Amino acid sequence: MASKKLFLLAGDGIGPEAMAEVKKLISAMNREMDAGFETEEGLVGGCAYDAHGKAISEADMARALAADAVLFGAVGGPKWDTVAYDVRPEAGLLRLRKDLELFANLRPAICYPALAGSSSLKREVVEGLDILIVRELTGGVYFGEPKEIVDLGNGQKRAIDTQVYDTFEIERIGAVAFELARTRSNKVCSMEKNNVMKSGVLWKEVVAATHRARYADVELSHMLADAGGMQLVRWPKQFDVIVTDNLFGDMLSDVAAMLTGSLGMLPSASLGSPDPLTGKRKALYEPVHGSAPDITGQGVANPIAMIASFAMCLRYSFAMAPEADRLEAAIAAVLDDGLRTSDIAPPGAARVGTAAMGDAIIGKFLG
Ligand code: NAD
């Protein structure tokens, strides 16, 4: 089997604790399944600042660019709260996203049956939920210029952010959503605000044109983003893939995340354009949670978000969908057996630590 180069950036806080479980899984896959993963490890975030004075070194950036996929833990913590803005821990993640040109952020919201009771919504609304939010990550109002606060000289100031999208940016994120839908239930809902925003008018027009030209087999619907937020909490199972811009995606993916319970359960992937020669996309996989300084070093962090991020890596970077399915089924089975880390345990229930949860999932996965 061709080798598969993984670059591991565990980062700070609980990042290394969660990554340790994925490292055990990778070793087991190499040993038992001849999976052929090659791993290298680097530093990102506060630990990179301590070692190199910046949030990621040039050597580690080069390794990230050369890898087939990057697995990222978490960065940050109180120790680095006062370091200079351009070398703060998050700068490492932003640099990776920028240099790898990761324009598509994928956030699945899956509700495991065993956890449906702990959602803030009714069980029948969330049980069996499996939706995917595809958020544009490198454009829109977070990056558009001008972006400034102007002193108007009359005691007033004016804050300006610019929402801007070019055709190619909408086309390529639309294409990612349609391609992913084909591997799922074949439905895309595109969300924008064409009633009040020109960028929404163009977004809708370009998504529709991309659909007509290349993806007419996929079912496409359009929804205003505010109505989309409402529908997400009313009846989320109506959706399969949702595609939206950077700002709306930021909010809608957090809303969708909370349908499913704890931060410790949520994986994500960020993808770039396909390489013209190999067809492979640059990719980074990371849990949604941060470095959780309040529980660091206690061995209690939930490793499921990190392990589920690795399942996404198997699916999207290595075309190993059957293995990804099995890994996700192993997570569901362990939850069905009643294993709970403290973040997902009901009051008074027994709890397992990070390593025990990781071992149980690996055990189920290997069968
Ligand atoms: P956080 O996600 O680290 O923690 C929020 C709460 O959720 C905490 O109570 C924590 O204990 C809990 N939690 C998070 N992940 C968990 C897990 N896997 N298992 C069990 N419990 C878990 O967010 P925060 O507290 O706002 O931020 C802490 C630090 O992390 C800050 O320095 C912040 O900047 C950074 N951060 C980094 C990322 C990233 O690396 N992508 C994302 C968010 C926050």
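**Notes on a two-domain chain and its ligand**

1. Start with the overall layout: the C-alpha centres of domain 1 and domain 2 sit 23 Å apart. Bear in mind that this is a predicted model. The domain assignment puts residues 1–103 together with 273–367 in domain 1, while domain 2 covers 106–271. So when you scroll along the sequence, expect domain 1 to come in two pieces.

2. Now for how the two domains meet. On the domain 1 side, 29 residues make contact, and they touch 26 residues of domain 2. About 2500 Å² is buried between the two domains, and carbon and sulfur atoms account for 66% of that area. If you want residues to click on in domain 1, try Phe103, Val288 and Tyr316: these lose the most area to domain 2, and together they make up 31% of what the domain 1 side buries.

3. Next, the ligand. There are 21 residues around it, and the ones that come nearest are Val75, Glu90, Gly290, Ala292 and Asp294. Sorted by class, the shell is made of ten nonpolar, seven polar and four charged residues.

4. Which backbone atoms does the ligand meet? Ala292 has a backbone N or O atom 2.8 Å from a ligand oxygen. A polar backbone atom of Gly77 is 3.1 Å from an oxygen atom of the ligand. On the nitrogen side, a polar backbone atom of Asn302 lies 2.9 Å from a ligand nitrogen. As for coverage, the ligand on its own has 800 Å² of accessible area, and the protein covers 67% of it. Strand E3 (69–74) and helix H4 (90–99) are the elements that give two or more residues to this shell.

5. Two spots in the backbone deserve a look, and a little background helps: most peptide bonds are trans, and most residues other than glycine have a negative phi. Here, Glu145 and Pro146 are joined by a cis peptide bond, with omega at about 0°. You'll find Pro146 in strand E6, which spans residues 144–151.

6. The other spot is Asn186. Its phi is near 65°, a positive value in a residue that isn't glycine. To find Asn186, go to the loop between helix H6 (167–182) and strand E8 (187–192).

Methods. Residues numbered from 1 in each chain as written. Predicted model: local features only at pLDDT ≥ 70, side-chain atom pairs only at ≥ 80, totals over all residues. Heavy atoms only, no water. Near = heavy atom within 4 Å. Polar contact = N/O pair within 3.5 Å; in protein donor to acceptor, adjacent residues only side chain to side chain. Areas by Shrake-Rupley, 256 points an atom, 1.4 Å probe, with all protein chains shown as cover. Helix = DSSP H or I, 4+ residues; strand = E, 2+ residues; numbered from the N terminus. Nonpolar A, V, L, I, M, F, W, Y, C, P; charged D, E, K, R; others polar. Domains from an automatic or database assignment. Contact = heavy atoms within 4.5 Å. Buried area = accessible area lost by both parts, 1.4 Å probe.
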